Each structure stands twice: as C-alpha cells, then as structure tokens.
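Okay, thanks everyone, let's get going. I'd like to walk you through one fold today, sheet by sheet, so have a look at the screen.

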Amino acid sequence: MSIIGMNHAVLYVRDARVHKEFYSRILGFTTNIEDRNGQFVFMRAPNSNNHHDVAFFSIGGDAFPSNAGQKSVGLYHIAWEVETLAELEEVKATLEREGCLVGASDHGVNKSLYAVDPDGLEFEVMWLVPEKFWGDAETAAIIEPLDLSREIDNFGRELKGRN
C-alpha cells in the first residue's frame with residue numbers, strides 16, 4: 001500500500017451554503033459541485049490539484065453543536081497548508097478581521113493559526129517549516145505561542161515550506 005496524503009474531508013454542517021460562502025470569502029475556496037437545494041457543496045482550495053478538498057453536507061439548523069473532545073469522540077480539526085509565511089500573515093489578518101481566529105501556536109515543525117467556522121468547527125491554517133530546519137522538533141510535541149513576526153524575521157516572508 002502507498003498512501004500519498006490526505007485528499008479531502010467531508011463535514012456535516014447546519015447549512016452547506018453558509019459554509020460555501022465562508023470558505024470562499026475567508027480562504028478563497030471555489031465550488032466544484034453544488035446541490036441547487038443546498039444539501040451539499042464540494043469545494044477546492046486555491047492551488048490544489050484535488051478535485052475537491054472539502055465537502056459540506058447540510059443536516060439542518062436544529063443540529064446540536066459538536067461536543068467532540070468534550071463528551072464524544074470525533075474530529076478535532078482539519079489543517080490547511082499555505083506555502084509561505086507571507087500567506088500565513090495574510091490569512092491571520094483575514095481571520096482576525098472576521099473574528100474567527102481562536103489561537104496561534106508554534107509547533108516547531110509548523111506555524112499554525114486556529115479558527116472556527118460558522119458552526120464552531122475548528123480548522124487550522126499552517127505553514128510547514130522546510131524539513132532541513134526541523135532539528136530536534138521533528139520528534140517533539142511542541143506547543144508554544146506563535147510569534148509570527150519573529151518567524152518572518154527568521155525564515156523570511158517568501159521561503160516555501162516543504163523544501
């Protein structure tokens with residue numbers, strides 16, 4: 001077997017159309033397939049070579065909020081990757097402006113922003129440090145506050161991750 005990565009996620013949400021608007025406006029996703037009655041939306045991230053990266057299925061406005069990690073098992077979050085720290089900085093400004101940024105962490109091997117969608121489901125937008133800089137962080141569980149300005153000073157604005 002040769003798994004090469006994660007291809008897409010499918011989420012149950014109150015209203016797929018609300019998520020379509022949110023992911024389009026906040027992260028620049030485009031719609032591939034959409035049910036005209038709003039039952040589902042399949043979306044693709046900018047610069048993705050997947051058919052779709054996420055799909056949303058509507059289950060109605062009376063749905064209970066997710067209690068995964070509190071009282072039930074379930075998904076914690078999905079992480080979306082950007083190529084540069086300049087892009088991460090741009091996403092941070094958007095998430096702050098939209099009032100959905102809930103955290104920012106330095107994990108050593110990646111620099112991460114955490115936000116919530118219209119149903120309160122958490123997602124991450126992260127930059128992967130090029131592997132040659134991982135050092136001891138490769139085998140450590142690191143959760144430190146993210147100082148994005150310091151990281152830009154250290155790595156530069158345009159260094160592509162995954163190098």
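**Two sheets and their helices**

Let's start in the middle of things: strand 3, residues 40-44, and strand 4, residues 54-58, run antiparallel and are joined by 4 bridges. If you want a pair to find on screen, phenylalanine 40 sits opposite phenylalanine 57 of strand 4. Before I go on, keep in mind that this is a predicted model.

Now zoom out a bit. Those two strands belong to an open sheet of 4 strands, ordered 1-4-3-2, and the pairing is mixed. At the edges you have strand 1 (9-13) and strand 2 (30-34), each of which pairs on one side only. On average, neighbouring strands in this sheet are turned by 25° against each other, ignoring direction.

So what lies across this sheet? Helix 1 lies across strands 1, 2, 3 and 4, and runs at about 15° to strand 3. Helix 1 covers residues 16-27, that's 12 residues, and spans 16 Å from first C-alpha to last, close to the 16 Å you'd expect. Which of its residues are buried? Those would be Ala16, His19, Phe22, Tyr23, Ile26 and Leu27. Looking down the axis of helix 1, they fall within an arc of 120°, so the buried residues line one face of the helix.

Both ends of this helix deserve a quick look. At the N-terminal end, aspartate 15 acts as a cap, with a side-chain oxygen 2.9 Å from the backbone nitrogen of arginine 17. Just after the helix, glycine 28 has a positive phi of about 75°.

Okay, over to the other sheet. This one is open too, with 5 strands in the order 5-8-7-6-9 and mixed pairing. Strand 5 and strand 9 (144-145) are the edges here, each pairing on one side only.

You can see the mixed pairing around strand 8, residues 122-128. Strand 5 runs parallel to strand 8, with 6 bridges between them, and isoleucine 78 stands opposite phenylalanine 123. Strand 7, residues 110-116, runs antiparallel to strand 8 and has 7 bridges to it; there, serine 112 has methionine 126 as its bridge partner.

Side chains in a regular strand alternate between the two faces of the sheet. Strand 5, residues 77-82, has Ile78, Trp80 and Val82 on its covered face, while His77, Ala79 and Glu81 are on the uncovered one.

Last one: helix 2, residues 85-98, lies across strands 5, 6, 7 and 8, at about 20° to strand 7. That's my tour, happy to rotate it for anyone.

Conventions:
Residues numbered from 1 in each chain as written. Predicted model: local features only at pLDDT ≥ 70, side-chain atom pairs only at ≥ 80, totals over all residues. Heavy atoms only, no water. Expected span 1.5 Å × (residues − 1). Buried < 20%, exposed > 50% of the residue type's maximum accessible area, 1.4 Å probe, protein only. Arc of directions from axis to C-beta. Polar contact = N/O pair within 3.5 Å; in protein donor to acceptor, adjacent residues only side chain to side chain. Pairing = 2+ DSSP bridges. Contact = heavy atoms within 4.5 Å. Axes fitted to C-alpha atoms, helices over the stretch in contact; angles between N-to-C directions.
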